[in-house]
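Biologist: Got a minute to walk me through this one? I'd like to begin with the metal.

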Amino acid sequence: MSHATADRYAWTEPGVEDLGGGVHRIPLPLPMDGLKAVNVYAIADPSGVDLIDAGIALVPAREQLTAALRQIGYELGDVRNFFVTHIHIDHYSLAIELRKTFHNVISLGEGERANLVATREMVNGRGNRFFGLDGLRRLGAQELVTELSAQHRQPPALVDWEDPDRWLADGTDLDLRTRTLRAVHTPGHTRGHLVYHDAVAQLMFAGDHVLPHITPSIGFEPAGNRMALSDYLGSLARTLTLPDARLLPAHGPVTASTHERVHELLAHHDTRLAETLGAVQAGHATPFEVAKAIKWTRRHREFADLDVFSQVMSVNETAAHLEVLAARGRVTHTVSAEGTDLYQVAPPGL
Ligand SMILES: [Zn+2]
């Protein structure tokens, strides 16, 4: 491993990072291809601990959480609350498992209700096992549907997708022993995503809304959301209206300024919107065609060189950018006789 690569993943090393004021970063392992770890944040006081996010319901994550909490003087039974940022398996599922034994209280954004319902339908076999499959056809990517249907993807963990104890509304103030956290609805990554903002200590527990090294996936959720990128750009703008804070992300190291990273993410999406518009101007009409016409990842890779899972994410992301361009009047959207989305450049000046 090169020095640069080693540094890039230093944040995934097991252990505890003391961030001061009783706040600790605890990275937990993940079995996913791209994401090596997820950060759980412990907010400790003499009588117990509250956690932001929970990790995935697998034995290595549970063991590492147990060891990290012991290192700062607590047991799993000392965890009062899980304040979860969103429904994804690497954030929510270990909370459900631990609650069975320790009766901790789980809070989740009320916007995630639809995703929890859709996830249960999927798991119970009433919906698609791989969400987004129907959508892909519509995006002109029938060949990806064929490829995915031939695979038998197993979920990384078996999860009882139970409800949280508490659904949090936007703007809810959570009075912890040592501080007040405000739950701020930041839809985009998922429709019900929350960040937890401590204005006094200038900390932003950002979940997957703002990540320091990668651009968060948009609208990758079982309930689906065609306007996910519009929502996301709105959530980024909203984040700039909050006082700046240290960025405590779910994936990646802690950095000094949430605002600085939000500006970078907004610039990234501006670039992507321009590239997407350029591909439509060149005559590419379906989201699948457009996705194949533009470069991917920070290394500017060809679409054909991505693995099939990344291709699915890329087609969905392209569709999200096309929807934003349509909403802004830069392209027009029609649906073909076969039910495929088609985009073309909007006629000038109206
Ligand atoms: Zn996520």
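Modeller: Sure. Keep in mind that this is a predicted model. The zinc ion is held by His86 (NE2), His88 (ND1), His189 (NE2) and Asp208 (OD), at 2.2 to 2.3 Å.

Biologist: What spacing do the donors follow along the chain?

Modeller: The pattern is H-x1-H-x100-H-x18-D.

Biologist: And why is the arrangement irregular?

Modeller: The angles between the four donor atoms run from 88 to 172°, so the arrangement counts as irregular. Tetrahedral would need all angles between 85 and 135 degrees.

Biologist: His86 and His88, buried or exposed?

Modeller: Both His86 and His88 are buried.

Biologist: New topic. Which residues touch the most other members in the largest nonpolar core?

Modeller: That core has 43 residues. Leu136, Leu144, Val210, Leu229, Leu236, Phe303 and Val315 have the most contacts with other members.

Biologist: Which elements give two or more residues to this core?

Modeller: They are α6 (142–149), β11 (203–207), α7 (228–241), α8 (258–281), α9 (287–293) and α10 (308–327). The most come from α10, with eight residues.

Biologist: What does Leu136 contact, leaving aside neighbours within four places in sequence?

Modeller: Ala141, Gln142, Leu144, Val145, Leu148, Val312 and Val315. There is also a second, separate core of 35 residues, including Ala42 and Trp167.

Biologist: Last one: how do α2 and α3 cross?

Modeller: The axes of α2 (residues 59–71) and α3 (residues 89–102) come within 11 Å and cross at roughly 65°. The crossing is right-handed.

Biologist: Which residues meet there?

Modeller: From α2, Ala61, Arg62 and Leu65; from α3, Leu94, Glu97, Leu98 and Phe102.

Methods. Residues are numbered from 1 along each chain as its sequence is written. This is a predicted model: local features need pLDDT of at least 70, side-chain atom pairs count only at pLDDT 80 or more; totals for chains, interfaces and linings use all residues. Side-chain values use heavy atoms; hydrogens and water are left out. Donors are N, O and S atoms within 2.8 Å of the metal (3.2 Å for Na, K and Ca); water is not among the atoms, so sites may look incomplete. Four donors count as tetrahedral if all angles lie between 85 and 135 degrees; four count as square planar and six as octahedral if opposite donors are over 155 degrees apart and all others between 65 and 115; anything else is irregular. Buried means under 20% relative accessible area, exposed over 50%, partly exposed in between (1.4 Å probe, protein chains only). A nonpolar core is a set of buried Ala, Val, Leu, Ile, Met, Phe, Trp, Tyr and Cys residues joined through side-chain atoms within 4.5 Å. Helices (H or I, at least four residues) and strands (E, at least two) are DSSP runs, numbered from the N terminus. Contact means heavy atoms within 4.5 Å. Axes are lines fitted to C-alpha atoms, for helices over the stretch in contact, and angles run from 0 to 180 degrees between N-to-C directions. A crossing is left-handed if the near helix is turned anticlockwise from the far one by less than a right angle, and right-handed if clockwise.
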